Amino acid sequence: MDGNFFFVIGIILVLAAVAIAFVGIRESDRFPSSRALLVGGTALFAAIVVTTMAFAVVKSKDEQKSRNEKLAKEEKQAQPENSGQNAAPPTTPGGQPQASSGGNQQTPTTGTTGTTAATGGAESLAVSSPADGGLIYQPDGLTAKPGNLTITYDNPSPVPHSIAVATANGNVLGEVQPFTNGKQSVELNNLAPGKYIFYCTVPGHREAGMEGNLTVGG
């Protein structure tokens with residue numbers, strides 16, 4: 001069903017209204033000829049209007065669904081082809097990153113601070129998102145002890161997501177780049193007691209509600 005349907009219905013209603021007005025003016029003393037005709041005409045117009053409104057509601061829902069599917073497809077296509085380079089480096093059984101083939105050790109950093117990840121004794125927490133790509137974290141509230149913390153984020157959907165941790169004033173302590181269908185971890189060192197936030201760095205996702213709170217106890 002396209003816009004032509006509503007255009008045709010609108011023309012029919014306008015022509016019918018003009019015709020009835022014309023007849024009513026010329027036959028004002030005898031129009032309508034009977035109460036049944038008046039009731040029937042009113043019911044007909046009401047049925048046409050209600051049917052048109054119903055079709056409009058159905059069409060708007062179909063268009064909304066189509067837009068959502070198109071948006072998800074565009075986000076998937078916008079994912080960088082080298083997203084595999086964003087995957088977390090392989091680790092040894094002891095939890096340390098393995099050395100690359102060039103002999104340089106890949107050590108995860110804590111975002112803009114540039115410090116290396118904790119080597120041991122870090123508390124671990126897990127966060128995930130729905131497999132359908134929904135813009136939420138589960139859970140959206142975390143608590144931790146002061147010190148070193150590792151947050152592992154699981155994104156099982158084809159929609160790119162990420163996670164970043166920042167202070168209340170917006171100072172980013174650590175983050176991972178957007179990725180799909182996998183898990184990545186952000187390492188945080190020497191967290192002081194206080195309130196922090198974590199959120200998705202993909203444009204528009206945080207604004208849509210993809211964020212949560214991290215409370216570090218005293």
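Visitor: Which residue in β8 is the bridge partner of Gly 141?
Guide: A friendly note first: this is a predicted model, where local features need pLDDT of at least 70, side-chain atom pairs count only at pLDDT 80 or more, and totals for chains, interfaces and linings use all residues. Residues are numbered from 1 along each chain as its sequence is written, while side-chain values use heavy atoms and leave out hydrogens and water. Strands β2 and β8 run parallel and are joined by four bridges (strands pair if DSSP finds at least two bridges between them). In β8, the partner of Gly 141 is Asn 213.

Visitor: How many helices and strands does the protein chain have?
Guide: Both kinds of element are DSSP runs numbered from the N terminus: H or I over at least four residues for a helix, E over at least two for a strand. Reading from the N terminus, the order is α-α-β-β-β-β-β-β-β-β. The protein chain therefore contains, by this definition, two helices and eight strands.

Visitor: What is the order of the open sheet of five strands?
Guide: Start with β7 (residues 194-199), which is joined to β8 (residues 211-216) by six bridges and runs antiparallel to it. Strand β7 also pairs with β4 (residues 161-167) in the antiparallel sense, over four bridges. With mixed pairing throughout, the five strands lie in the order β2-β8-β7-β4-β5.

Visitor: Which strands stand at the edges there, and why is one side of each left without a neighbour?
Guide: Strands of a sheet pair through backbone hydrogen bonds, either parallel or antiparallel. Each edge strand has a single partner strand, so one of its sides has no neighbour in the sheet. The strands concerned are β2 (141-144) and β5 (172-179).

Visitor: In β8, which residue is the bridge partner of Ile 197?
Guide: Ile 197 belongs to β7 and is also the bridge partner of Ala 166. On the β8 side, Ile 197 is partnered by Asn 213.

Visitor: Which residues make up the covered face of β8?
Guide: The uncovered face carries Glu 211, Asn 213 and Thr 215. The covered face holds Gly 212, Leu 214 and Val 216.

Visitor: What is the order of the open sheet of three strands?
Guide: Strand β1 (residues 123-128) runs parallel to β3, with six bridges between them. Strand β3 runs antiparallel to β6 (residues 182-191), and those two are joined by eight bridges. Asp 154 takes part on both sides, standing opposite Ser 128 and opposite Lys 183 in β6. The pairing is mixed and the order is β1-β3-β6.

Visitor: Which two residues touch the most other members of the largest nonpolar core?
Guide: Such a core is a set of buried Ala, Val, Leu, Ile, Met, Phe, Trp, Tyr and Cys residues joined through side-chain atoms within 4.5 Å. This core has 23 residues, and β1, β2, β3, β4, β5, β6, β7 and β8 each give two or more residues to it. A second, separate core of five residues includes Ala 164, Ala 166, Ile 197 and Tyr 199. In the largest core, the two residues are Ile 151 and Leu 214.

Visitor: Which residue in β6 is the bridge partner of Ile 151?
Guide: Leaving out residues up to four places away in sequence, Ile 151 touches residues including Leu 125, Leu 142, Ile 163 and Leu 214 (contact means heavy atoms within 4.5 Å). Its contacts also include Val 186. The bridge partner in β6 is Val 186.

Visitor: Why does Asn 155 count as buried or exposed?
Guide: Asn 155 lies in strand β3 (residues 147-155). Residues under 20% relative accessible area are buried, those over 50% are exposed and those in between are partly exposed (1.4 Å probe, protein chains only). Asn 155 counts as buried because its relative accessibility is 0%.

Visitor: At what distance does the side chain of Asn 155 reach the backbone oxygen of Val 159?
Guide: Beyond its neighbours within four places in sequence, Asn 155 is in contact with Pro 160, His 161, Phe 179, Thr 180, Asn 181 and Gly 182. Its side chain reaches the backbone oxygen of Val 159 at 3.0 Å.

Visitor: What share of the residues of the protein chain count as buried?
Guide: Among contacts between residues at least 6 apart in sequence, 62% join residues at least 24 apart. Of the 218 residues, the share that count as buried is 26%.

Note on methods
Polar contact = N/O pair within 3.5 Å; in protein donor to acceptor, adjacent residues only side chain to side chain.
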